[in-house]
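Biologist: Could we go through the charged pairs and the nonpolar packing of this model together? Please show it to me before we begin.

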Amino acid sequence: MWELIRVNRRNSILLMAVMAGCLVGLGAALGGGFAGQDGLVGGIAVALAVWAVLAMISLTAGDQILLSSSQAVPITPEIHPQLFNVVEELKIAAGLPVLPKIYMIHDPTLNAFATGRSPKSASVAITSGLLARLNRDELQGVMAHEISHIVHRDILFVTLAGVMLGSVVLLSRIFLRSTYYGSMGSRRRYSSRGSQGGAQAQAILFVIAILAAILAPILVQIFYFALSRQREYLADAGAARLTRYPEGLASALEKIAGNTAPLSTANEVTAPMYIDTPFRGGRALHLFSTHPPVEERIRILRSMSQGAALKDYVKAYRQTMGSETGLPLSVRKDTESVDLRAGSSDRSTPANEKTARRQMNDWARRASGFLFLPCSCGVTLKIPPNYSAGNVDCPRCGTRLTIPR
Amino acid sequence: MLISLLVIGGLIVLLVLWAIGIYNGLIRLRNQVDNSWSQIDVQLKRRHDLIPNLVETAKGYMQHERQTFENITQARSQAMGAKTVGEAAKAEGMLTEALTKFMAVVENYPDLKANQNFLALQETLTSTENKIAFARQAYNDSVLYYNNKIQMFPSNIVAETFDFTKREFFEVQNAAEREVPKVSFS
């Protein structure tokens with residue numbers, strides 16, 4: 001396992017180096033296009049500076065930005081004891097140093113994500129819609145997937161790579177825009193410089209720059225999506241290993257796939273952190289997708305019949321996909337063996353859509369400080385936090401209830 | 001003469017440094033084993049504390065299941081009295097089995113299954129059992145690593161000199177845990 005994390009880190013660094021190469025190349029090409037050979041170094045410097053600033057912001061505040069932009073609120077064990085229990089169990093299984101912070105997104109869609117640079121400062125978030133529809137084993141599977149992301153340090157790499165993608169896109173757009181609007185002015189400046197050969201070299205550099213500005217974002221995106229998909233498979237494998245019960249995650253993914261509402265607060269760069277792609281509608285081309293097709297993920301998990309170790313996942317993957325391409329190299333070499341176990345006896349799921357909705361609303365109310373007051377006739381009164389009177393009449397039986405403060 | 005003395009002295013220093021390195025490594029591994037054992041121990045104690053509550057809550061609903069309750073109580077007191085890791089593993093296995101049977105019986109009592117207090121206890125119990133299972137894996141991994149280290153050459157020399165002893169695995173005894181679950185293809 002630790003070996004895997006080490007190799008993982010090396011592979012990710014390799015991929016990031018390729019992306020960084022793209023960024024440097026783009027910087028050089030754009031600089032050259034703008035100001036000739038003198039601009040090469042300047043272009044690289046600007047590209048790296050943009051990357052450094054974006055990386056700094058997203059590493060220091062990225063998790064907070066993601067959590068607040070997805071409107072996740074921290075919750076307490078009283079609101080959902082089972083969620084806390086499940087995360088605590090997985091903390092033990094994964095050997096995390098501290099319990100990740102647990103957030104809930106009050107949203108009817110079905111999704112979950114993890115964030116945080118290191119296992120010490122990690123958070124997990126889940127939508128109330130998903131929480132209301134999963135049984136214990138499924139919840140465990142989903143959380144294990146997220147915690148695997150944390151253990152594998154995926155968030156760090158996906159963030160850095162996302163920033164790289166962001167910088168490349170940003171630089172290219174600025175360049176293409178400025179050449180489009182300012183081409184006349186700059187051409188005049190170049191020609192005033194004199195020598196014929198210089199102008200010719202300048203023209204070649206300019207063409208290279210335009211090509212680079214068009215191709216680099218596409219190239220980096222393909223790398224980025226490949227990285228993201230590998231990480232998803234790896235997190236699935238990690239979840240199976242942690243819970244030793246792949247069926248839990250498989251059946252959770254099935255429920256998630258059946259839901260077609262997109263999560264409105266997600267965007268392209270935050271997408272790899274989610275358990276399944278937060279976008280819906282026509283599936284994107286595989287090459288440009290952050291997540292592998294969910295049906296395939298389910299099929300792989302369901303064919304793990306001999307064990308819960310990473311090597312069993314690799315075997316199931318080979319069976320389903322025909323080859324091992326698409327899996328990170330590190331996972332293919334793992335030899336540890338882990339036994340499967342039986343699922344928990346608690347298979348309770350909400351009886352129907354109505355109870356699920358009611359549960360979601362209750363969590364939202366509890367999280368925002370509502371008081372739950374049971375009446376002897378069976379009705380539970382939900383008192384808003386700004387209700388100031390000392391007592392309230394039960395709407396069904398009329399009993400006067402005092403509100404404990 | 002002086003040179004050969006220096007060479008021998010240098011070799012001795014290197015040997016001592018090497019032994020110190022091995023020794024510290026062994027201490028670290030042993031602490032890791034102790035630490036992962038305490039992780040299990042905490043959960044086992046929590047389970048022991050939960051059982052009286054669970055039995056108390058269920059008793060009112062399940063008048064005719066005296067034997068089930070007796071089995072649980074007996075297994076619990078045996079588990080609490082266990083001295084070594086091996087004994088604990090055996091007794092806890094029996095307790096797990098008794099609790100599994102109990103949970104199966106509970107299915108016949110819909111009133112009990114609707115009791116909020118009981119449901120909360122059941123959730124805590126399930127979670128505790130999962131924690132035991134997960135912590136056990138970590139413990140056994142660290143024991144395997146530690147035992148290998150003190151038996152293999154050359155670290156076994158240092159281990160023997162300073163009296164590092166092998167640790168016991170925490171192995172489950174009951175059949176239900178060992179059995180590989182059936183996976184359905186649908």
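Modeller: The answers below deal with salt bridges and then with nonpolar cores.
Modeller: This is a predicted model, in which local features need pLDDT of at least 70 and side-chain atom pairs count only at pLDDT 80 or more, while totals for chains, interfaces and linings use all residues. Residues are numbered from 1 along each chain as its sequence is written, chains are lettered from A and ligands numbered from 1 in the order in which they are written, and side-chain values use heavy atoms, with hydrogens and water left out.

Biologist: How many salt bridges are there over all chains?
Modeller: There are 18 over all chains, a salt bridge being a side-chain nitrogen of Lys or Arg within 4 Å of a carboxyl oxygen of Asp or Glu.

Biologist: Which residue forms a salt bridge with A:Arg136?
Modeller: B:Glu123 does, with the closest N and O atoms 2.8 Å apart. This pair crosses between chains, from helix H5 (residues 136-151) of chain A to helix H5 (residues 116-151) of chain B; helices are DSSP runs of H or I with at least four residues, numbered from the N terminus.

Biologist: Are A:Arg136 and B:Glu123 buried or exposed?
Modeller: Both A:Arg136 and B:Glu123 are buried, where buried means under 20% relative accessible area, exposed over 50% and partly exposed in between (1.4 Å probe, protein chains only). A:Glu89 is linked with A:Arg136 and B:Glu123 in a network of salt bridges.

Biologist: What does A:Arg297 pair with?
Modeller: A:Arg297 meets A:Asp236 in a salt bridge of 2.8 Å, N to O. The two lie 61 residues apart, A:Arg297 in helix H9 (residues 294-302) and A:Asp236 in helix H7 (residues 196-243) of chain A.

Biologist: Why does A:Arg297 count as buried?
Modeller: A:Arg297 counts as buried because its relative accessibility is 0%. A:Asp236 is also buried, with a relative accessible area of 0%.

Biologist: Let us change topic. Which residues have the most contacts inside the largest nonpolar core?
Modeller: They are A:Leu83, A:Met143, A:Ile147 and A:Tyr313, in a core of 54 residues. H5(A) gives the most to this core, with seven residues. A nonpolar core is a set of buried Ala, Val, Leu, Ile, Met, Phe, Trp, Tyr and Cys residues joined through side-chain atoms within 4.5 Å.

Biologist: And what does A:Met143 touch?
Modeller: Not counting residues up to four places away in sequence, A:Met143 touches A:Leu83, A:Val86, A:Val87, A:Leu90, A:Val124 and A:Ile126, contact meaning heavy atoms within 4.5 Å. A second, separate core has 28 residues, including A:Phe157 and A:Val163.
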